[in-house]
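Please walk me through this model in the viewer, one selection at a time. For each stop, tell me what to select and what is there.

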Amino acid sequence: MTSPVLICGSVAFDTIAVFEGKFKDHILSDRIHALNVSFLVPSMRRDFGGCAGNIAYNLNLLGGKPVPVATVGEDASDYLDRFSKLGINVDMMRVIPGTYTAQCFITTDQNDNQISAFHPGAMERSADNDLTGQKAAWGIVAPDSKAGMIAHAKRLNAQGIPFIFDLGQAMPLFDGDDIKQMIALAQVLCVNDYEASVVEQRTGQTMAQLAQKLQAVIVTRGGEGATLYTQDRDEHIDPVIPADIVDPTGCGDAHRAGLLYGLTLGWSWSDACKLGNLMGSIKIASRGPQNHAPSRAAISAQLHAQFGLHLP
């Protein structure tokens, strides 16, 4: 039996519309100061998303016990119903009256250029969602409002619950002192290679130096795998070649779910990272962050074939 994991972060809807043309043919550079354009988008889909939602979804696939800690709006009933039907605990998904759930509206053209608008909605109230008193083996503070991320980190630390600090899309909100504050509260730092370079620049410390203050630092590198830094070594974690490359949206969240599941099982850092890499490779072969649905047995078979490991 695995223990609960507190997944602090955003829950959002992503609406993706496809324009069957090219923006450059309709946006005139000499008229950009008075922009007024309209696009016909015959293809559109709405995805369940947000970092906490995506991590919880993937952890549930593995047989873990995610408890997403997030604020949502009055329009989140279908999200809450879906998670409840999947067996995910939604007790800490707090509905904020008079608000919408965070949502991103994305229009993409034939060249894969995107025009996006993001409405934070209920996410701005995430700091009010107090997790004090919740029991968990591990937690994660994933991208959310800055106030929410800091509040969750302090509450997890005060309760002695080890957690991963996942900077992600919240990177523009955190300066060097903010990052140092979060690292002082966390046990693990997870970033991709670009975020790692920004963290090093803002803190004035390398990933190896930061690992001396933590249990581990994990830097994901897409198709090149990941690098694991601990206090006494750094280790390359091999990538898993995906069945197809369709959509990278949510791959980092899938990786975090694999990592967390390994940690709840008491696996080594190396083995937990291997499961993280596998989950990211499974996700990238599917469009949208929560539309892949491999069986647990299939995940275990792939894990054994790639790394010689089994899910219990």
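Is Ser-126 buried or exposed? The model is a predicted one, and in it Ser-126 has a relative accessibility of 2%. Ser-126 counts as buried because the limit for that class is under 20%.

**Stop 1: Ser-126 and its contacts**

Select Ser-126 and follow the backbone to either side. The residue sits in the loop that runs between β7 (114-119) and β8 (138-141). Now add the contacts of Ser-126, leaving out residues up to four places away in sequence: Thr-71, Asp-144, Ser-145, Gly-148 and His-152.

Next, select Arg-125 and Asp-128. Their side chains meet in a salt bridge, with 2.7 Å from N to O. Arg-125 is partly exposed at a relative accessible area of 35%, and Asp-128 is partly exposed as well, at 40%.

**Stop 2: helix α3**

Select residues 146-158, which make up helix α3, and pick out Ala-151 within them. Ala-151 has 15% relative accessibility and counts as buried. For a distance across the model, draw a line from the C-alpha of Ala-151 to that of Ala-211: the two are 60 residues apart along the chain and separated by 23 Å.

**Stop 3: aromatic pairs**

The whole structure contains nine aromatic pairs. Select Phe-13 and Tyr-79 for one of them: this pair is tilted, with 5.6 Å from centre to centre and 55 degrees between the planes. Phe-13 belongs to strand β2 and Tyr-79 to helix α2 (residues 77-86), so the pair links distant parts of the chain, 66 residues apart. Phe-13 is buried at a relative accessible area of 1%, and Tyr-79 is buried at 0%.

Why does the pair of Phe-19 and Phe-23 count as stacked? Select both rings: their centres are 5.9 Å apart and their planes are at 5 degrees, so the pair is stacked, the limit being under 30 degrees. Both of these residues, Phe-19 and Phe-23, are buried.

Return to Phe-13 and Tyr-79, then add Phe-48 and Phe-83. Ring pairs join Phe-13, Phe-48, Tyr-79 and Phe-83 into a cluster.

**Stop 4: strand β3**

Select Arg-46, which lies in strand β3. Its relative accessibility is 43%, and Arg-46 counts as partly exposed. Measure from Arg-46 to Asp-14: the two are 32 residues apart in sequence, and their C-alpha atoms are 5.6 Å apart in space. Setting aside neighbours within four places in sequence, Arg-46 is in contact with Phe-13, Asp-14, Thr-15, Asp-75, Asp-78 and Gln-103.

**Stop 5: salt bridges**

How many salt bridges does the structure hold? There are 10. Select Arg-45 and Asp-47 for one of them: the closest N and O atoms of this salt bridge are 2.9 Å apart. Arg-45 is partly exposed, with a relative accessible area of 28%, whereas Asp-47 counts as buried at 5% relative accessibility.

Move to Arg-233 and Asp-232. These two form a salt bridge whose closest N and O atoms are 3.7 Å apart. Arg-233 is partly exposed at a relative accessible area of 41%, while Asp-232 counts as exposed at 66% relative accessibility. Then go back to Arg-45 and Asp-47 and add Asp-247: salt bridges with shared partners join Arg-45, Asp-47 and Asp-247 into one network.

**Stop 6: Asp-253**

Which side chain of opposite charge is nearest to Asp-253? Select Asp-253 in helix α7 (residues 251-264) and then Arg-256. Arg-256 is the nearest such side chain, at 6.1 Å. Asp-253 is buried and has no salt bridge; a salt bridge needs a distance within 4 Å. Add the contacts of Asp-253, without its neighbours within four places in sequence: Gly-50, Cys-51, Asn-54 and Ile-55.

**Stop 7: a nonpolar patch**

Finish on the surface by selecting Ile-32, Leu-35 and Val-37. These residues form a nonpolar patch with about 260 Å² of accessible area together. To place the patch on the chain, start from Ile-32, which is in the loop between β2 (12-18) and β3 (43-49).

Key:
Residues numbered from 1 in each chain as written. Predicted model: local features only at pLDDT ≥ 70, side-chain atom pairs only at ≥ 80, totals over all residues. Heavy atoms only, no water. Patch = residues over 30% accessible without salt bridge, like charges linked within 9 Å, V, L, I, M, F, W, Y side chains within 5 Å. Areas by Shrake-Rupley, 256 points an atom, 1.4 Å probe, with all protein chains shown as cover. Helix = DSSP H or I, 4+ residues; strand = E, 2+ residues; numbered from the N terminus. Buried < 20%, exposed > 50% of the residue type's maximum accessible area, 1.4 Å probe, protein only. Lys, Arg positive; Asp, Glu negative; His and termini not counted. Contact = heavy atoms within 4.5 Å. Phe/Tyr/Trp six-rings, centres within 6.5 Å; stacked < 30°, edge-to-face > 60°.
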